[in-house]
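Colleague: I would like to go through this structure one question at a time. Please show it to me before we start.

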Amino acid sequence: MEIIIQQLLNAAQLGAVYALIALGYTMVYGILRMINFAHGDIFMVGAFIGFLLATTVNMPLVLMMPLTMLLTAFVGIAIERVAYRKLRDANRMSLVITALGVGIFLENFVRMVVGPQTRQIPAQLPDKILTFGSGLVVTEDKLLIILISLALMTILWLFTNKTLMGTAMRAVADNADVIPLMGINLNRVIAVTFAIGSALAAAGGIFYGQAYSIDPYMGIDLGWKAFIAAVIGGIGSIEGAVLGSFMLAGVEVFTVAYLSSNLKNGIAFGLLILLLLIWPSGIMGKPMIKKV
Amino acid sequence: MKQHQTTKPMSLITKLRTATPSWSILAIAFLALSGVLELLGDMDYLNQYYLHILIIVGMNIILVASLNLVNGYLGEFALGHAGFMAVGAYTAAVIATKIGPPGLPTLIIALIGSTLAAALIGYLVGLITFKTVGDYLAIITLGFNMIIVNAIQNIDYLGGPRGFIGIPKATNLFIVAICVVLTYTVLRNLVYSDHGRRWISIRENAIAAELMGIDINRAKNMAFTIAAAFAGLAGGLWAQYQQFITPKSFDYIKTTDLLVMLYLGGTGSLSGSILGVVFYTVLMEVLRNVLSMIDPRLAELRMLISPLILVVVMLTKQSGLMGNREWRWFSPRKEENTDESCS
């Protein structure tokens, strides 16, 4: 029983990181109908900004995390401004390929700046070992990562549902053609979306760098995983992205624990295909209705 | 009233432009050229490095052109091409090592085997894939790519994650050239046949195409199966050229490379696929050489320059270098006379 709870907590930790990335995917998709393939690499850039701040100037986590999120948000805004804005009305595939190009650029740029080695962000979260009941062992940092991530997601939910800007974002997601006619600055809404998505990804990057290790190419793998989580949940839906992330992480962690670590990807993707055949637009996604 | 076309005397330039050589002459000339290059390479007159680049270009042309069938002509966004390449590569590896003595018959059997195996897997994958469209289709094809790679990693007979070692080397430039010509002849004939028209009509408007009586699922699955078959062929060539294959080399990073070359060259254009592959490969090699000539430490910079070029091309010319256009001599003659734009 304790082992299962511990695995559930491992899954929650991994799922929290997936969710922080998946939210950026789902928000950008909701607004631009675009798969931002560079998003996984923005996550990686965030992790390395955090790594540099923590190692070169020994910045404490309380300061390093907000600053990293802010800087990464600017990276996201800059990418949208330079590479995506001009293609907004173009063929969607050229947008996707541009995003791929941006992603490759970010990977190689970080590789040139910090080198290809695997690093770890110095542990700054308290990592005392807590024991509950009869032998349930949990480290504090794992709990903190899960709790802070959940807090960030709650803030995002409140932002999109309770503020004016959040309402504008949902409106753009609903119908991007009419919104500019309502006097809403479309460019600003899109910039804010990219900023939020990138900042959340940066938070995910810092957590990932504390719990596991980081390298310039990690964004490809984790980006795909998070994207899959977003699709399982129903891309465009914030609640769906979170749900899908925890589900994917759960499947992965339990496959590794009880079957074989070699089967991890195969089972995760098999499940994805199965789920998509049952719910073609994800669990919480709105079905696409096509008018003739 | 007499109705007849006034025949103006053609200028020399127009004459030269319309006097395009026929496909078979071009194909034979291309084969002869690659045969000569291969012989020169064998006799050490030509640097093996250039031969290597030409072989890589040839294999990538097969891969990109077949991907073009699905992503360009059919207009779906498939992301799993490297998976079918893996099926072909591993089939060829097994056939070449377990069946016959190294030689031409084994090579041919291995290539046919890899093509058929990839076509079969492609057909089965297509049955499931085309229940969805759009982004979900992209993800499902990507998922199958990962599943194929993951399955190979878990089969000890195929070497598992360590890879398959000791495949006899049988592929050379001439063999690759034959396969390129074969691929292009088949693809060109398909694209300009009624099958091709069906795919293009599905791309332009699937609902209208269905109303015209096209069996959409059948047409889509056919394009997908053929694309997978040629990816398998390229995989078979690859395995018997590299002599060592690992599952990792067929994951989505390979697919991404192919996508970059495809969209750089332009979708819906067979000549664009050639242009994209040649442009990208040559650019990478030239950058590598020029930069390391200036300063060896700069060689890394090409990794930054090449994605930048991709982004700039996309920003300035969204349909790629040759999007939905063909070189004049690429399209069949009848079309040239009726349609100036050679769509």
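Colleague: Which helix of chain B has the lowest mean pLDDT among the elements of that chain?

Modeller: This is a predicted model, and each residue carries a confidence value, the pLDDT. At the high end for chain B is helix α10 (residues 216-242), with a mean of 94. At the low end, with a mean of 49, is helix α14 (residues 333-338) of chain B.

Colleague: Over which residues of chain B is the pLDDT below 50?

Modeller: The stretch concerned has nine contacts in the model beyond near neighbours in sequence. Where pLDDT is low, the predicted coordinates should not be read in detail. The stretch is residues 335-343 of chain B.

Colleague: What percentage of the residues of chain B reach a pLDDT of 70 or more?

Modeller: For chain B the mean pLDDT is 84. The complex has its own scores from the predictor, an ipTM of 0.80 and a pTM of 0.83. The share of chain B residues at 70 or more is 90%.

Colleague: Which element of chain B gives the most residues to the side that touches chain A?

Modeller: The two chains meet through 32 residues of chain B and 35 residues of chain A. On the chain B side, the elements giving two or more residues are α6 (134-153), α11 (252-265) and α13 (302-316). With ten residues, the element that gives the most is α6(B).

Colleague: How many residues on that side of chain B are nonpolar?

Modeller: The residues of chain B that touch chain A fall into three classes. Seven are polar and three are charged. The nonpolar ones number 22.

Colleague: Is Gly240(A) buried or exposed?

Modeller: Gly240(A) lies in helix α9 (residues 238-258) of chain A. Among the residues Gly240(A) touches are Gly233(A), Gly282(A) and Met284(A). A residue counts as buried if 20 or more other C-beta atoms lie within 10 Å of its own. Gly240(A) has 24 within that distance, so the class is buried.

Colleague: How many residues of α1(A) are buried?

Modeller: Helix α1 of chain A covers residues 2-32 and reaches 44 Å from its first C-alpha to its last, close to the 45 Å expected at 1.5 Å a residue. Just after this helix, Arg33(A) takes a positive phi of about 55 degrees. The helix is mostly covered, and of its 31 residues the number buried is 22.

Definitions and conventions. Residues numbered from 1 in each chain as written. Chains lettered and ligands numbered in written order. Predicted model: local features only at pLDDT ≥ 70, side-chain atom pairs only at ≥ 80, totals over all residues. Helix = DSSP H or I, 4+ residues; strand = E, 2+ residues; numbered from the N terminus. Expected span 1.5 Å × (residues − 1). Buried ≥ 20, exposed ≤ 12 C-beta atoms within 10 Å, placed from the backbone. Contact = placed C-beta atoms within 7 Å. Nonpolar A, V, L, I, M, F, W, Y, C, P; charged D, E, K, R; others polar. pLDDT = per-residue confidence, 0-100. Lists of a residue's contacts leave out its neighbours within four places in sequence.
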